[in-house]
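Hi there,

Here is the structure I promised to pass on to you. Have a look at it first, and then read on for what turned up.

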Amino acid sequence: MRENATEVTAAGIARLAGVGRAAVSNWRRRHPDFPKPVGGTETSPSFALTQVEEWLRTQGKLGKLGEVPLKERVWQHLAGHPAGPVTALLHAGCALLLVRDRHPDWLKVSAVSDERMAELLPGALAQVVTPRFGPPTAVGAGPRQAAVRIPDAARLLPSVPLLRGVAELASELGARQTYEFLIGRHIDANPRQYTLTPAGPAELMAALAGPAPTVLDPACGTGALLRAVAPRPDQYLYGQDSAPELAALTALRLALHSDATVRAAAADTLRADAFGEARADAVLCHPPFNERNWGHEELAYDPRWEYGFPARTESELAWVQHALARLRDGGTAVLLMPPAAASRRSGRRVRADLLRRGALRAVIALPAGAAPPYNIPLHVWVLKKPAPGAQPPSELLLVETAALSAADGRDRHAWRPVQDAVVDVWRTFDRHGTAAEQPGLARCVPVLELLDDEVDLAPARRLPPPAAGGGVRELTDIRERLGDAVRRTADLMPPPAEAVEAARWPATTVGELARAGALSLRTGTGSGAPGTPVLTAHDLLSGAAPSGCVDPLEAPSAEGSADPVLTEPGDVVIPLTGGGTAARVIDEATAGAALGRGLTLLRPDPAALDPWFLAGFLRGTANHRQASSYASTAARLDVRRLRLPRLPLDAQRGYGERFRALAAFEDSLRLAAGLGEQLVRGLHDGLTDGTLPPE
């Protein structure tokens, strides 16, 4: 094997050394002994990983331990694999199964040379791959080949250094966590190659399906939906995808994630169903949207079209009927659908038959941003396979969740109220066949009311939102609070200004103060202990309490993660981008929050600097303009260039008190504006929907 088979780009070198890409460019210019490119292009060269590691170690640019963090070393081996990162991920997943399930066998095959290890691995892998995924030429009852194939020695040889590193990383993190880290990093590096189902919608769909011993995902992608399924004893998980690499990655993720029996196949589901005889307890599916070439011509007489032959433009309704065909009687299917599928005229006959026969039970509109494409509010359809002779239900559950989440649906921490509300109303409806109406959220609509010329099932058209301000009592309360806020704002209004000659102070900069030890600078990372509140840029600009939260999956590990920055009383926080002049002094209520990305924290020495004095002068418009790149209001702020006057501490405190009073006035003004807008919107809605009289 070539010593430099694994290559790394400038961005990868920056990751290894924990620096920015500009630093790598400087090293290349300033150090004649920097490794020469071995591949890539003139504008994006690549370098031999082993040579780069040796150079960084020799130059002392690898931190205190003088070693590349294990996570980064493994990732660079994977990203620079000669056969590509997907092949490397498949080999790594097979090796991790061996490490986890037959560790003594792994020790035997890894305690030899690379060439001998590559020869021994196929036999060892067969001991874990075949039992988990079945024989290589039989999947379920169909003739398709299993998604995970055991690579031969020639294909494994370039992967041996990667596999050794993967096993070492698994000893620290665990096999499952190691594979999730590698797959997550690969997906983040190639976001346009994959259609993802975010964790929030995946968990919601799995909860709607309920506990199930046999679950099928006929368009499994990267396996997010099947991974969200609650584990059960003797569980079977089936996945199929037209992309062979995705089917294999899903199978390996599931095998490392749970003890379920996994069966995965690579084939076009609608044209070549690998599980034609299977009957699942639940089907979860995020089908491809707006697909014209789904097999409309050759599948015209397919028996799956029990509810009507879908039009060429209704590929999603073909997936709906495929899911129903693979369910046992009474089983549940949950599909993520584009909103147009609920109202397009070309699909009204299929929708009508799904309603008449009781197959479609609920249509749930998610907040915009819940899943790609992020600019539209997707729907979730919940269906049940009608049992022979059963009486069709008389109502359809419609749920509209837009009002439940004011934040972007991509915020996992704003997702929990959405999931709880939807699951609660669905379980009530599923148990009793009906549920009490919740204005603006949920309504059970009679099927007969829906069977008109349009068969429009969009929840937004039948669930008008409640008045923005609530009922009369809520509007009265808002009016009283607004009056209090206006009076307080008037009391806090600054006194009239008097013209005086401009003061001329000796000036200093934040950078000079930091070098002198009068303050320290930290940049936000958004990391911290799981559950720690995070102060975001939006919170800073709006004056709100910390609204973010550290995700347990993103909590810092022992290696390779940035240290969290926690706020303390008296800290001053400013944004790095956005062009606004903002600065916030941390009080007791905000202290302890983690500093979010895009923010910088200045921690003044109280014996040298008053925090309110510091924050007030940092907010100056002229100060911001001279410290911004290209003096543009849209540029990035160079915090160290911000200026403030050299004044004794007593004089600073005088200015600080005035700045503190201005901040209180600003907060009161912001509160009054928000309450006024809420009152106006609520009165408009109440007058237009008839809940308020004009008198």
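Buried residues account for 49% of the 695 residues in the chain. Please keep in mind that this is a predicted model. Its secondary structure adds up to 24 helices and 21 strands, and the C-alpha trace spans about 90 × 85 × 40 Å along its principal axes. If we take the contacts between residues at least 6 apart in sequence, 72% of them join residues at least 24 apart.

What does the chain show on the outside? About 33000 Å² is exposed, and carbon and sulfur atoms supply 52% of that area. As for charge, there are 76 positive and 78 negative side chains, with the centres of the two sets 3 Å apart.

Now for some individual pieces, starting with helix α9, which covers residues 160-173. How far apart are its end C-alpha atoms? They are 20 Å apart, which agrees with the 20 Å that 14 residues should span at 1.5 Å a residue. The buried residues in α9 are V160, L162, L163, G165, V166, A167, L169 and A170. A useful reminder when you look at such a list: an α-helix has 3.6 residues a turn, so residues three or four places apart point the same way. The cover over the buried residues of α9 includes α4 (70-79), α5 (85-101), α6 (103-110), α7 (114-133), α8 (153-156) and α10 (175-189). Just after α9 comes G174, with a positive phi of about 100 degrees.

Next, look at helix α11, residues 199-209. How many of its 11 residues are buried? The count is 9, so the helix is mostly covered. Those buried residues are G200, P201, A202, L204, M205, A206, A207, L208 and A209. After α11 you will find G210, which has a positive phi near 80 degrees.

Finally, try strand β17, residues 572-575, which is covered on both faces. V572 and I574 lie on one side, V573 and P575 lie on the other, and all are buried. Which strands pair with β17? One is β18 (residues 584-585), antiparallel to β17 over 2 bridges, and there V572 stands opposite V585. Another is β20 (residues 599-604), also antiparallel and joined to β17 by 4 bridges. In β20, L601 is the bridge partner of V573.

Enjoy exploring, and write back with any questions!

Best wishes

Technical notes. Residues are numbered from 1 along each chain as its sequence is written. This is a predicted model: local features need pLDDT of at least 70, side-chain atom pairs count only at pLDDT 80 or more; totals for chains, interfaces and linings use all residues. Side-chain values use heavy atoms; hydrogens and water are left out. The expected span of a helix is 1.5 Å times one less than its number of residues. Buried means under 20% relative accessible area, exposed over 50%, partly exposed in between (1.4 Å probe, protein chains only). Contact means heavy atoms within 4.5 Å. Two strands pair if DSSP finds at least two bridges between them. Accessible areas come from the Shrake-Rupley method with a 1.4 Å probe; for residues, only the protein chains shown count as cover. Lys and Arg count as positive and Asp and Glu as negative; His and the chain ends are not counted. The place of a charge is taken as NZ of Lys, CZ of Arg, CG of Asp or CD of Glu.
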